[in-house]
Structures are given as structure tokens and as C-alpha cells.
2 protein chains.
Amino acid sequence: MSKKLTSRAEDYSKWYNELVVKADLAENSAVRGCMVIKPYGYAIWEKMQAELDKMFKETGHENAYFPLFVPKSLFEAEEKNAEGFAKECAIVTHYRLQNDPDKPGKLRVDPEAKLEEELIVRPTSEAIIWNTFRGWVQSYRDLPLLINQWANVVRWEMRTRLFLRTAEFLWQEGHTAHETKKEALAEAELMNNVYATFAEKFMAMPVIQGLKTESERFAGAEETYCIESLMQDGKALQAGTSHFLGQNFAKAFDVKFANKEGKQDYVWATSWGVSTRLMGALIMTHSDDHGLVLPPSLAPNQVVIVPIYKSEDDLNAITEVANGVLSDLRGKNITVKYDNRTTRRPGAKFAQHELQGVPLRIAIGARDLANGTVEIARRDTLTKEVVTLDSLNEKIEALLIEIQESLFKKALDFRNEHISEVDTFDEFKSVLETKTGFISAHWDGTNETEEKIKTLTKATIRCIPLEGEVEAGVCVYSGKPSKRRVLFAKAY
Amino acid sequence: MSKKLTSRAEDYSKWYNELVVKADLAENSAVRGCMVIKPYGYAIWEKMQAELDKMFKETGHENAYFPLFVPKSLFEAEEKNAEGFAKECAIVTHYRLQNDPDKPGKLRVDPEAKLEEELIVRPTSEAIIWNTFRGWVQSYRDLPLLINQWANVVRWEMRTRLFLRTAEFLWQEGHTAHETKKEALAEAELMNNVYATFAEKFMAMPVIQGLKTESERFAGAEETYCIESLMQDGKALQAGTSHFLGQNFAKAFDVKFANKEGKQDYVWATSWGVSTRLMGALIMTHSDDHGLVLPPSLAPNQVVIVPIYKSEDDLNAITEVANGVLSDLRGKNITVKYDNRTTRRPGAKFAQHELQGVPLRIAIGARDLANGTVEIARRDTLTKEVVTLDSLNEKIEALLIEIQESLFKKALDFRNEHISEVDTFDEFKSVLETKTGFISAHWDGTNETEEKIKTLTKATIRCIPLEGEVEAGVCVYSGKPSKRRVLFAKAY
């Protein structure tokens, strides 16, 4: 292991960047803004994928795969969507390289191999998918279409950060088609609920469900549901969105169906997605100055066993005990790794597992063997205790549940402490500068006020919460009437 | 369901294209050469992925993710590899669209947003991965690196066919780095073995393992192992390849390590991949004029239950029995679907499940209830039998195993009958035109002879088999000395 992490108090942003790299989660690549997701980071993403995929299937969705490229003429068909993504698109214009006549051994784009129509690398797939759906829907019998895709997408962002904002990222995008507006709205809500459940149950990350304001909606959506979470530095992070698309895409791509009365009607749509950005959210919800802290539900290794030995004989005796523990824990579906590498000393192993957030570490030494005990170290609290071998299995099971719950509770307490109800703009600015977090304030409902507050404070409306009491009041900025409080915050 | 399939005898190629579309596996998209993989096709691919991924992990590999794009300067670093793929590359040259001043509502590529260096959409990832490996390897302690990636790749093929040859396809690509040549060679062989095991055990598709000749090797490889299978029309299909890359990429990307003696040395490499092309191989190994035939190991639904009823009461009574069967079979890890759609008649359901290759269909009617029986139909043999409810579970379990084995045996018999040993070039041509299949013949080992035979007959050397007796002889074309027989065939 290399030098210590920058502390969060010192520089949160630097702490994050260092942690991602040092914990072997991801690194920057030779391609501007594109990351390499390293095996340890990818293993966490795979756990997220597996849980989400299960939840999608349990709610009736099927996976499919659509092309990476969108021909320009399809891309521009839904105007708002096109406008929203046009400025950050990677565009394929040619399909062949040739030897560069001026530079031996080098290649250049073959000018003869220009595409007739440019292809956009998908920033999102509504266009290509709705163009396909046209062939899949004739009658109400073909509806609903409940499709999900796991894919890579590209948005040519100017300022990128590992996991949080990268030019290429991995995500899933759900795309559904329905007979009625009501059904499509219910689907958009359902999937936002699925995201909230996933975030809270598996990521141990509390979220607030809400609706986006018009200016923050997905380009082409009529309503955007979202889950908003709060990071340790008091900035909010949009962790997932689910869009009600109305009939916009059906009209742009002429997707009609014969309804039960035999009349032709346009289909109603939703789309919804979460991405590798969740990795950033996970890190900034739980980790500390020692490194990553992982909820057991998403940890690639929930438990690691480190042998402490001087002689070969000691190691053999420890390995025998460790093998018994491994087999017991695996029988309980606990992922556990025996770290018997001979190329690293126990201290280096401890440091690595701490940095990488392994929830529980078991150390077994020669003296433990004599006593019939082992030492368990908890990553979240950094506490250690000695337990007897015969109580170990139950203890581990209980601790994993406890850690999962405790991480959630800690994050929830922090989040709840950082929702400040304010009624004046001075208070608004002061909370934003000192306490940080979400600000619950009245807003007059206009784009102008939203925009002005953003310009003055960098805070945006994160969402109009779905839950909680609705009370009328006056806008914290304009003093005009407000129907309800909304949540502001500075955000990632 | 629409009209009947073209028969295989009538037009094998047309049969294939129709089957892929009618069985809802895939379809062509609006993007030239790119396919849409439909949910039913994708479900089969997911089963393949799951089994392969498990086998990769069991052999010590970890998944990671590398960028979609390769900067041109990296792409051209390993010359042979670059040369092999330069002619079929999708190239990103711009990163922004703008409103077209000449066409309101339309977009055009923003000429100001030209990339300084063009990006190649990965046709394979050796370049970007080896450029990354440089940072991961310092000493022998960091080796071996055993990495796999599940990803999309793009090769701008001029003639495309669903699954078999598409501009974009899905695959996995393994990339490993080793201390010694011996270890890297062993890895390349091991992964070719993994592919062979997967093909035979899960796809029920017999394969021949062998080495490619120099002209058929992967661009940049020193040795290419492959698994070759035989399709029903007598053409061969390369189902997977595993490459020993020597130190070519390590040298091109300067990936050195300190060996155990403390000296700097270049790392030894392998790469290996299988793709959605396997879907084409699966289809052309087992399917018939009625549609898809799937081995139970890869069938999204191994069993489907269709209720046959006239009254609501009948349906309720059948559903009660069906629910018991569902729960029993699911308890045995058998995937089973109850097709109680009210929008389709039993006949239409039978036709659909036949076309989609569901291995076993259970029909339950009112009369069955009275008799305590159900009817089971086998997709592979198209035979039916009536069995009692109390023997059903065991029967289904036994039949699924029997079908898996029987499909493999049938394909193996067909393949073995279609390996012809020939000793004259007249015989060679005659077998190729009439009997088809693999031809085992002597070859003088030169590129020239290989090329001439290809020009004259369209047959290529599929592989130099790893197994079987090695006997010297004379080349079937040139009459020159030959060390051993190799396998020729026309191929996909």
C-alpha cells in the first residue's frame, strides 16, 4: 500500500479521487474522460447489476439489446431529446483507416470511407428503441412492452470525474410502452420505487423520492421521477431517474396501436436508468479517512480471513481451522476469502482490506488456535473483538446484518440532520455555506426564480418530494405565493 | 404466428434468416449491419453468459471494463493487429452536433468540434488494455493478470448476417499477462478447453480443438487455438478462439516486469473470445424445419405448461394442478412457464413454443384432470406421451437430461459422419461438392498451397487438430511431403 489518503476534512474532492484509485476501483484511461473500471470496482458493480436485474425481472421486465449507433436522422426525430444531447455526442463519420502515405507505419482515416449518414454513439437509446418498437406494436395485445437494456453510453462531458461523470459510462436503461397514460405513469413511479428500494436495502443509502422541476427534467420527458441522496460533504447526488415520456416518442417515431375499441392510438412511454454513477454515491455515503466502507450486501468479499504465522507448521494448523470456517460461512451464502498470499505480510493485508472496505476481517494466529478463538475486526466501526470458534458463525451472520443496518442508520441520521427548513433567503444562503445539505424552502414555481437562485447560490431544486406534508407559503426568493416546499441543494 | 418456415432442404440460408426473425431471436436494425437482439434471443445469450462467466471465475479470472474507444496512436502501436483491423473500423472524428443553418429542425456535425486525435470504436481491446496493463505490472508479484471483459465491439463488415457476422456484436474478451511463455501457452490452451467444454456440455455442440494456420491466425498472435463446429448444411463454423500473443503487445506497449532474479523482462500475453456468433452456431446445430430446437441447458423456459379448457371452471381446476407442477419443478431448479394467456388459443401457443424451441411442453385438459394425467410433448423428437401426474416430476427431470444428451449425440454423429479422409484433389473437390463437411487431408504446410486450394474450392484450413493420430504423407494438392493431415472445410 502506498501513502495515506488525504483526509475528508482536508479536501473531500481529493479524498474521493485518491480513494477510487487506491482502493483499486477505477482509474483514468488514455481516452479523455473515459475510465477503466478495475476488477475490484467491477465486482461491486456486478453485485449491483445482479440485484437490480433481479428486481427488474420480478417486476415483469425482459432484457434486450439495441445498437450502439443512432443514425443522425433518427437521433433528431424527437426534437427536445435531440436538443438535449446534441452538444455532447461522439460522432462516427468514417468506417476505414488506411496507411498514411506521409508517415510510414502510421494510419490515417481513409477519406474515401466517409459514411453517407453520420452515426451518433448512443447517449441514451430512446431514438433507436422507439424506431424499433414501431415494428413490435400493432395492437393492445402487444402491450405493455417492458424492456431493459444493460449497455454503455457516451456523453461528451467537458469536466469528468471517475464514476460521477465520465464520457463513457455503464448503465441500464428501461424502455416501456403502454396502452394508457395512467399505466405509463404507474410504471414510471414503480421503477422509481424499485430504485429507492435498491438504494436503501442494498446500498444502505437513504434517498428522497421526488419529481424534477421542468428545467431539470430529462430532455423529451413530461415528468421525471428521481431518487436524491446526500453525500458526506453535504452535496446532493441524483442517484436514479424514471421518466414519463407521454406520447412524445410514439409521435416522433409513429408508434401506434389498435386499442380495444379497434381505434388507432399512440403508445404511452417511460424510460428509466441508473448507472455506474451509483458507485460514486456508494463511496461518498459510507467511506472514511481510512478508505472504502462497503455495506455487506454489495461487498465482493464480506469476510476475509488473514492467517498470522511464523512457521510453516503454524500456517498449516491455521489453514485447517480456516478451511472449516470458510466452508461453514459459504454454506450460509456468505462470501469469504482466505488471504493466504505469501507475497504480503499480515500488516499489508490488513491495510489493503481496510482500504478496500471488507466489512469483516478475521485474524487467526497460533495463540488463537491454543485458545480456540479468533479476532474479528469490523471495518465500519474499526473495533475488534475476540470470539470463540464455536460462536463464530452466528456472530458473523449477526454482525453482517448489524453493519448493513448500522450503515443505513448512520447515513439516514446524517441526511435527516441535513434537511434544513428555511424561510428567508439570508438563512438559505447561510445554511448552504455553513451547514450544507438539503434546504426545504418555498418556491414560486417559476423557471426564472429557480434560475436566479441557481446563479446566486449554485443550489438547484433537487426535487419536489413525493412524501411529506404539503403546506402553502411564500417563495424564499421572490416572496410570491408558493404551493409547497421543495428541496434545494448544491449537487454533484 | 405467420406462415411456415422455408425448409432447410429448400434454402438453408433463407431458413436460417427466417428462423432468427420468426422465433423472436433478433432482427435487423436501422443501422447498417447492426442487429437488435430481442428479449427471447437475449435470454438465451444471458444463459450462455452466466455459464461462461462462472467457468471464467472458476479458473481464476476477474471481470473489468475498459473504454469503448481506442485513440488512433494506440490502435496503430501493434502493427500487425492494426493492419488486421484497420479496414473495418468505425471512427469517431467529432464530439458535437449543432443546428443545421440550412435545414431548420435538423442537426449537422459541428465542424468546430473536430477531435485532435480520432478515436477508433474498439474492434477488439488489446491496444487499450495493454496500454493500461503497463501501469498494473511492476514485478512478478503482480502476475499473472487474469482479466475478462463483457463488451460490445464493432467491425465494419461489408456482408452481414444476424448473429453470424454483424457490424456490432456482443462478446467477452479475456486478456491475460504472464511471467513465462510456458504459462501463457498453458493459459491459451486452458481457455480453449473451457470453450470446448462449454460448447459440448451446454450448447450440446461437438467441437474439434485445433490450431489455426499462420494465415488464419488472429492479427498479432503467434498461435491461435480454436474450436471448430459443423453446421447442418455441412459448413464449418469457428465458435471460439484463444490466442497466444507472445510478447508482441508487451513490446508494443512497453509492459515490463522485474522477474524473480530482479531483471526486467517483457510480459507474455494471451487473449480469447467468444461472441453472439455462438447464437448462430446453436441455431444451425440443432434446429429443424419446424423452428428452433434448444438444448435444455440453455433454454429460457425448459418446460411450458398450456391449459386446454372451455369453461372458466375448467381453467381454475387446471390452474390448481398446474400450480402444483410449477412449484415442484421450480423446486428442482427447472425453469417452467405457465402459459395462461387469454389472448391466444392453445393451437397458437403450441405453434409458438415449437417455433421457439421450448424443450418440453405439458398440455393439461379437463379430461386429463379426470384421469390424473397430462400430455408431454418433446420438441426435439416431436413425440408425445401421456404420463400420470405422480410420475411427472421424475419424468420431466429424466427427459431434460435425455434431450440434452440426445441432441449432443445426434450432432456428434452427424459431425463424425462428415469428416472425410481424402488423398486426392479430385476426391477433395468431390466431397466438398456432394457430401460436404470436414475434409481430413495432407497439406504441405505452405501459405501458397493453402491459398490456391481456397481459390479453387473456397475451402479453408479450419484447423490443425490437437487430437488424433499424426501420420506423414503427401499434400493433396501439391504432392509435396506433409507432416500430418489437417481439416479443411467451407466455413461461415
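Two strands are said to pair if DSSP finds at least two bridges between them. On that basis, strand 17 of chain B pairs in the parallel sense with strand 18 (residues 336-338) of chain B, over 3 bridges. Within this pairing, Val303(B) has Val336(B) of strand 18 as its bridge partner. Strand 17 (residues 303-308) of chain B is also mostly covered, since 5 of its 6 residues are buried.

**Model and confidence**

The structure is a predicted model. Its scores are ipTM 0.97 and pTM 0.97. For chain A, the mean pLDDT is 97, and 99% of the residues reach 70 or more.

**Overall form of chain A**

Chain A contains 14 helices and 27 strands. Its radius of gyration is 26 Å, close to the 23 Å that the globule rule gives for 492 residues, so chain A is as compact as a globular protein of that length. Taken along the principal axes, the box filled by its C-alpha atoms is roughly 80 × 70 × 55 Å. Of the 492 residues in chain A, 49% are buried. Among the contacts in chain A that link residues at least 6 apart in sequence, 68% join residues at least 24 apart.

**Symmetry and the contact between the chains**

Chain B is superposed on chain A by a rotation of 180°, with 0.0 Å of shift along the axis and an RMSD of 0.0 Å. The two copies are thus related as by a two-fold rotation axis. In chain B, the C-alpha nearest that axis belongs to Val92(B) and is 2.1 Å from it.

The contact takes 54 residues from chain A and 54 residues from chain B. On the side of chain B that touches chain A, strand 5 (residues 91-94) of chain B gives the most, with 4 residues. The residues of this side comprise 32 nonpolar, 10 polar and 12 charged. Because 100% of the interface residues of chain B are also interface residues in chain A, the copies meet through the same surface.

Strand 5 (residues 91-94) of chain A and strand 5 of chain B run antiparallel and are joined by 3 bridges. In this pairing across the two chains, Val92(A) stands opposite Val92(B). Strand 5 of chain A also pairs with strand 8 of chain A, in the antiparallel sense.

**Strand pairings**

In chain B, an open sheet of 11 strands with mixed pairing has the order 3-9-10-16-13-12-11-24-27-23-22. Strand 3 (62-63) and strand 22 (419-421) of chain B stand at its edges, each with a single partner strand, so one side of each is left without a neighbour in the sheet. Strands 12 and 13 of chain B run antiparallel to each other. The table sets out antiparallel pairings within single chains, with one pair of facing residues for each.

| Strands | Bridges | Facing residues |
|---|---|---|
| Strand 12 (residues 223-230) and strand 13 (residues 236-246) of chain B | 8 bridges | Ser229(B) opposite Leu237(B) |
| Strand 4 (residues 69-71) and strand 8 (residues 114-121) of chain A | 3 bridges | Pro71(A) opposite Leu119(A) |
| Strand 5 and strand 8 of chain A | 3 bridges | His94(A) opposite Lys114(A) |

Strand 8 (residues 114-121) of chain A thus has strand 4 of chain A as one antiparallel partner and strand 5 of chain A as another.

**Buried elements of chain A**

Helix 5 (residues 126-136) of chain A has 8 of its 11 residues buried, so it is largely enclosed by the rest of the structure. The buried residues of helix 5 are Glu126(A), Ala127(A), Ile128(A), Ile129(A), Trp130(A), Asn131(A), Thr132(A) and Phe133(A).

Gly210(A) lies in strand 11 (residues 208-211) of chain A. A residue counts as buried if 20 or more other C-beta atoms lie within 10 Å of its own. Gly210(A) has 22 other C-beta atoms within 10 Å and is therefore buried. With neighbours within four places in sequence left aside, the contacts of Gly210(A) are Cys226(A), Glu228(A), Cys463(A), Ile464(A), Pro465(A), Leu466(A) and Leu487(A). Gly210(A) and Glu116(A) are 94 residues apart along the chain, and their C-alpha atoms are separated by 44 Å.

Notes
Residues are numbered from 1 along each chain as its sequence is written. Chains are lettered from A and ligands numbered from 1 in the order in which they are written. This is a predicted model: local features need pLDDT of at least 70, side-chain atom pairs count only at pLDDT 80 or more; totals for chains, interfaces and linings use all residues. Copies are superposed by least squares on the C-alpha atoms of residues with pLDDT of at least 70 in both. Two residues are in contact if their C-beta atoms, placed from the backbone, lie within 7 Å. Ala, Val, Leu, Ile, Met, Phe, Trp, Tyr, Cys and Pro count as nonpolar, Asp, Glu, Lys and Arg as charged, and the others, Gly among them, as polar. The radius of gyration is taken over C-alpha atoms; the globule rule is 2.2 Å times the number of residues to the power 0.38. A residue is buried if 20 or more other C-beta atoms lie within 10 Å of its own, exposed if 12 or fewer, and partly exposed in between; C-beta atoms are placed from the backbone. pLDDT is the predictor's confidence in each residue, from 0 to 100.
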